[in-house]
Amino acid sequence: MRFRSFFFSSSIFSLSHSRSPSLSSSPFSSLSAAMSPALEKSRQGNGGCNDDSKSKVTVVGSGNWGSVAAKLIASNALKLPSFHDEVRMWVFEEVLPNGEKLTDVINKTNENVKYLPGIKLGRNVVADPDLENAVKEANMLVFVTPHQFMDGICKKLDGKITGDVEAISLVKGMEVKKEGPCMISSLISKQLGINCCVLMGANIANEIAVEKFSEATVGYRGSREIADTWVQLFSTPYFMVTPVHDVEGVELCGTLKNVVAIAAGFVDGLEMGNNTKAAIMRIGLREMKALSKLLFPSVKDSTFFESCGVADVITTCLGGRNRRVAEAFAKSRGKRSFDELEAEMLQGQKLQGVSTAKEVYEVLKHCGWLEMFPLFSTVHQICTGRLQPEAIVQYRENKL
Ligand SMILES: NC(=O)c1ccc[n+]([C@@H]2O[C@H](COP(=O)([O-])OP(=O)(O)OC[C@H]3O[C@@H](n4cnc5c(N)ncnc54)[C@H](O)[C@@H]3O)[C@@H](O)[C@H]2O)c1
């Protein structure tokens, strides 16, 4: 399969993204969208498809969500003639308490015993601890690691990605650089010179691992064709994926909702009840939308009604690790640090909300917008001990 390479310089302050009509629709209608002859051919099965025209997928990351993503992709790669059966999964190598390497155990048992125990990934998933080797044959890269590791991963891959390669980021978070915030999809695009879509949504990994129905949103820019290919690669009867022509909106939803989840955890820890939690979710969603549109005026209102928007806010404020750890933090009245609670409660999984709250705070401060975003700025000040958890409801909402 050959993709056209779309590389957009997508600085957070570049406001030149064109407004195009919403292309959001069901994943089923999306599959019938116009295709290039190469894509069409590669979908025709053995008759029209040789090995070279098949796409090779590598998943960069193997945590809780990374492993579930590999499972989804592996089941589709076996079924769809346009993809190679084998799906590589880059594993940040760890030695388990019994002395075995995580990669060896995954390849032996077909299970990620540390981050997704009890779930078979699919025999066609091959764990690889060598990042360069894992990506070298792939023309479809799925990035799914905690966001704090993405800069280092991109640096390691700099200059190593050649040919027509497409990427998708499942990473929720942003980098804050001197010149302003940088979304992870932009980091990937800029550093590796490849187009990057995003997939976000109301997706608690452990629920999808046991095949409970959920939805997700693919955000894309440029061609709809590549968005359809990603939709096809991820969709299953229990995982319904919808493409949206709004990569920044989708990615900011996935990133900012983790800050709202921390606020919801404080409310739970202080036993403030359901009305308060609903209020925090509403205010949080409003701040998510306002900040996204300030950073990228092209962001669409309709994106907030997709799975990546309101649905992800709801699921993450009801379940999810950010809410859970923030609840424990509030219960301890801020006496136990987030680092300590993360290590104790998550066994190697990473919290995203606390670091994202810090990054968002830096952006707000840099832009002089702190007063406009009381929930976002209060969350960071509680996380850093400058305010008590009770402060989560002690502010006057500014009209945005
Ligand atoms: N878990 C979920 O339910 C879920 C759902 C949707 C999106 N996400 C997002 O997916 C992304 C990945 O999360 P996850 O749940 O797969 O990971 P995780 O938090 O479960 O696991 C942490 C991962 O980081 C790896 N790691 C540790 N140190 C590293 C280093 N120095 N360099 C590179 N990797 C290192 C670990 O090996 C492990 O694979 C995050 O952005 C998260 O917000 C998670």
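This report describes the strand order of a sheet and the packing of helices in a predicted model.

## The sheet

Eight strands form an open sheet with mixed pairing, and their order is β5-β2-β1-β6-β7-β10-β11-β12. The edges are taken by β5 and β12 (239-244), each of which has a single partner strand, so one side of each is left without a neighbour in the sheet. On average, and with direction ignored, neighbouring strands of this sheet are turned by 25 degrees against each other.

## Parallel pairs and a crossover

Strand β1 (residues 55-60) pairs with strand β2 (residues 83-90) in the parallel sense over five bridges, and valine 60 has tryptophan 90 in β2 as its bridge partner. Between these two strands the chain passes through α3, giving a β-α-β crossover that is right-handed.

On β5 (residues 125-128), the pairing with β2 is parallel and spans four bridges, with methionine 89 opposite alanine 127 in β5. Strands β6 (residues 140-143) and β7 (residues 166-169) are likewise paired in the parallel sense over four bridges, and here phenylalanine 143 stands opposite serine 169 in β7.

## Helix α9, the sheet and α3

Helix α9 packs on the sheet, where it touches β1, β2, β6, β7, β10 (195-200), β11 (214-219) and β12, and its direction makes about 170 degrees with that of β12.

Helix α3 (residues 64-79) packs with α9 (residues 224-234) at an angle of about 95 degrees, the axes being 7 Å apart, which means that α3 is roughly perpendicular to α9. In this contact Ala69, Leu72, Ile73 and Asn76 of α3 meet Gln232, Leu233 and Phe234 of α9; by class, five residues are nonpolar, two are polar and none is charged.

Note on methods
Residues numbered from 1 in each chain as written. Predicted model: local features only at pLDDT ≥ 70, side-chain atom pairs only at ≥ 80, totals over all residues. Heavy atoms only, no water. Axes fitted to C-alpha atoms, helices over the stretch in contact; angles between N-to-C directions. Parallel < 35°, antiparallel > 145°, perpendicular 65-115°, else oblique. Contact = heavy atoms within 4.5 Å. Nonpolar A, V, L, I, M, F, W, Y, C, P; charged D, E, K, R; others polar. Pairing = 2+ DSSP bridges. Right-handed = clockwise from strand over helix to strand, strands pointing away.
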